[in-house]
Amino acid sequence: MKPVYSVIIPAYNEEEGIAEAYRRLTCVMRDMGEPYELIFVNDGSRDGTAAIIAECCAKDASVRLVNFTRNFGHMQAISAGMEYARGAAVFVIDADLQDPPEVLPLMAAKWKEGYHVVYGQRLQRKGETWFKKATSKLFYRVLRRMTTVDLPLDTGEFRLIDRKVCDAVNRLPEKNRYVRGLVSWVGFKQTAVEYVRQERFAGQTKYSLRKMFAFATDAIISFSYKPLKLATALGFFISLLSFAYMIFIFYQRLFTDQTIDGWASTVVIILFSQGIVLVVLGMMGEYIGRIYEEIKGRPLYVVQEVVEQEKSS
C-alpha cells in the first residue's frame with residue numbers, strides 16, 4: 001500500500017538515541033491512523049547507527065534504511081530522503097529528537113487544510129548555549145535581509161512538504177543545496193506551526209562552530225548576490241576615501257608648513273586597502289568555487305545499499 005506520509009530522518013552517529021527516535025516516531029505515526037513510511041538516511045555513520053536501524057527494518061515493514069558510502073552531509077541526506085520518499089506528504093525531522101515528533105500531527109492537520117508547506121517555527125530553544133541562540137538568531141535575520149526569497153525566521157528543516165513541492169525540489173539540479181531555502185524558492189502555499197525545541201535526547205551535536213559557519217556561508221551564497229554588491233560598494237567607498245586623502249596630502253604639501261610623517265599613514269592605508277582586496281577576492285572565490293562544483297556534475301551522494309523488508313509477491 002502506498003504511504004500517505006513519508007518521514008525522512010537523516011542520521012549521523014546517533015546510536016545512543018536512534019532507537020528512541022524510532023519508537024517515538026512509530027507511536028506518533030500509528031496514532032495518525034494512515035499508511036506511512038520511515039526513511040532513515042544513514043549519512044556515513046561510524047558507530048552502530050546503521051545496525052540499529054537495520055534491526056528496525058527487520059521487524060517493521062514501514063521502515064527503510066538508505067546507507068551512504070560515506071559522510072556526504074546533512075543537506076545531501078535530506079535530499080536523498082526526498083528522492084526515495086513515496087508519500088503524498090513528506091516530513092523532515094532530525095534523529096536527535098530536538099524537534100518533537102508529537103508536532104507532526106499538527107503539521108498534517110495544516111496540510112489537510114490546503115497548505116503545501118508547513119514548517120516548524122521555534123518559540124524557544126532548550127538546552128542550547130547563549131552563543132548558539134544569539135548567533136542563530138542573527139543568522140536568520142541577516143539571511144532574510146540578504147536574499148530575495150521569503151525565508152521564514154527561526155525555522156530549520158523540520159517541516160512537512162506536499163508531494164508537489166517534493167517533486168519540484170527534486171528537479172532542481174544544483175549541488176550546493178540549502179533545502180529550506182529551495183523549499184521557499186519553489187513557492188506554494190506555506191504556513192507555520194509553532195513549537196518549543198527540546199534538548200538532545202542523547203549524544204552531542206554534530207554541528208561544530210566551523211560547520212555552522214560553513215552552513216551559514218552556503219546559505220547566503222546560494223540565495224544572494226548581495227555579498228558581491230557589498231564588495232563593489234565597499235571598494236568604491238575605499239576609493240573615494242583614498243582620493244580624498246590624496247587631496248588632503250597635496251593641500252598639506254603645497255599650502256601648509258606641517259610636516260608630513262609619511263610612512264606610518266601610508267603603510268596603514270596600504271594594509272587596509274589590501275585587506276579589503278583580499279576580502280573581495282575571497283567572496284568572488286566562494287562564488288567561483290560553487291560554479292566549479294556545479295559544472296563537475298558529480299552526484300549529490302552515493303548510496304551503498306537500501307535496507308527494507310522484501311515485499312511479498
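Reader: How many salt bridges does the count come to by this rule?

Author: The count comes to 8 salt bridges. Keep in mind that this is a predicted model.

Reader: What makes Glu102 and Arg24 a salt bridge?

Author: Their side chains meet at 2.8 Å, N to O. The cut-off is 4 Å between a side-chain nitrogen of Lys or Arg and a carboxyl oxygen of Asp or Glu, so a value of 2.8 Å qualifies. The two residues sit in distant parts of the chain, 78 residues apart. Glu102 is in the loop between β4 (89-92) and α4 (104-112), and Arg24 is in helix α1 (residues 18-32).

Reader: Why is Arg24 called buried?

Author: Arg24 has a relative accessible area of 18%. Buried means under 20%, so Arg24 is buried.

Reader: And why does Glu102 count as partly exposed?

Author: Glu102 has 41% relative accessibility. Partly exposed covers the range between buried, under 20%, and exposed, over 50%, so Glu102 falls in that class.

Reader: What makes Glu34 and Lys112 a salt bridge?

Author: The side chains of Glu34 and Lys112 meet at 2.9 Å, N to O. That value is within 4 Å, so the pair is a salt bridge. Glu34 lies in the loop between α1 and β2, and Lys112 lies in helix α4, so the pair ties together parts that are 78 residues apart in sequence.

Reader: Is Lys112 buried or exposed?

Author: Lys112 counts as exposed, at 55% relative accessibility. Exposed means over 50%, so the label holds. Its partner Glu34 has 26% relative accessibility and counts as partly exposed.

Reader: How do you know that Asp99 and Arg197 form a salt bridge?

Author: Their side chains meet at 3.0 Å, N to O. The limit is 4 Å, so this pair passes. Asp99 lies in the loop between β4 and α4, and Arg197 in strand β7 (residues 190-197), so the pair ties together parts that are 98 residues apart in sequence. Asp99 is buried, and so is Arg197.

Reader: Which residues are linked in a network of salt bridges?

Author: Glu37, Arg64 and Arg86 are linked in such a network. Glu37 lies in strand β2 (residues 36-42).

Reader: Why is Glu37 called buried?

Author: Glu37 has 2% relative accessibility. The cut-off for buried is under 20%, so Glu37 qualifies. Glu37 touches residues beyond four places away in sequence, including Pro3, Tyr5, Ser62, Arg64 and Tyr84.

Reader: What makes Glu37 and Arg86 a polar contact?

Author: The distance between the two side chains is 2.8 Å. A polar contact needs a pair of N or O atoms within 3.5 Å, one able to donate a hydrogen and the other to accept it, so the value fits the distance limit.

Reader: Which side chain makes a polar contact with that of Glu37 at 2.5 Å?

Author: That of Ser6. Its 2.5 Å is within the 3.5 Å limit, so the distance fits here too. The side chain of Ser6 also reaches the backbone nitrogen of Gly87, at 2.7 Å.

Reader: Where is Ser6, and why does Ser6 count as buried?

Author: Ser6 is in strand β1 (residues 5-11). Ser6 has 0% relative accessibility, and buried means under 20%, so Ser6 is buried. Leaving aside neighbours within four places in sequence, Ser6 is in contact with Glu37, Ile39, Ala85, Arg86, Gly87, Ala89, Val90 and Phe91.

Reader: How many disulfides does a search of the whole structure find?

Author: The search finds 0. A disulfide needs cysteine sulfur atoms within 2.5 Å, so no pair meets that limit. Cys27 is partly exposed, with a relative accessible area of 39%. Cys166 is buried, at 0%.

Reader: Which residues make the nonpolar surface patch?

Author: Val277, Leu281, Met284 and Ile288 make a patch of about 360 Å². Val277 is found in helix α10 (residues 263-296). A patch residue needs over 30% relative accessible area, and Val277 has 40%, so Val277 clears that cut-off. Val277 counts as partly exposed.

Reader: What about the chain as a whole?

Author: The chain has 10 helices and 8 strands. Of its 313 residues, 43% count as buried. The chain exposes about 17300 Å², and carbon and sulfur atoms supply 60% of it.

Technical notes. Residues are numbered from 1 along each chain as its sequence is written. This is a predicted model: local features need pLDDT of at least 70, side-chain atom pairs count only at pLDDT 80 or more; totals for chains, interfaces and linings use all residues. Side-chain values use heavy atoms; hydrogens and water are left out. Patches are made of residues with over 30% relative accessible area and no salt bridge: like charges are joined within 9 Å, nonpolar side chains (Val, Leu, Ile, Met, Phe, Trp, Tyr) within 5 Å. Accessible areas come from the Shrake-Rupley method with a 1.4 Å probe; for residues, only the protein chains shown count as cover. Helices (H or I, at least four residues) and strands (E, at least two) are DSSP runs, numbered from the N terminus. Buried means under 20% relative accessible area, exposed over 50%, partly exposed in between (1.4 Å probe, protein chains only). Contact means heavy atoms within 4.5 Å.
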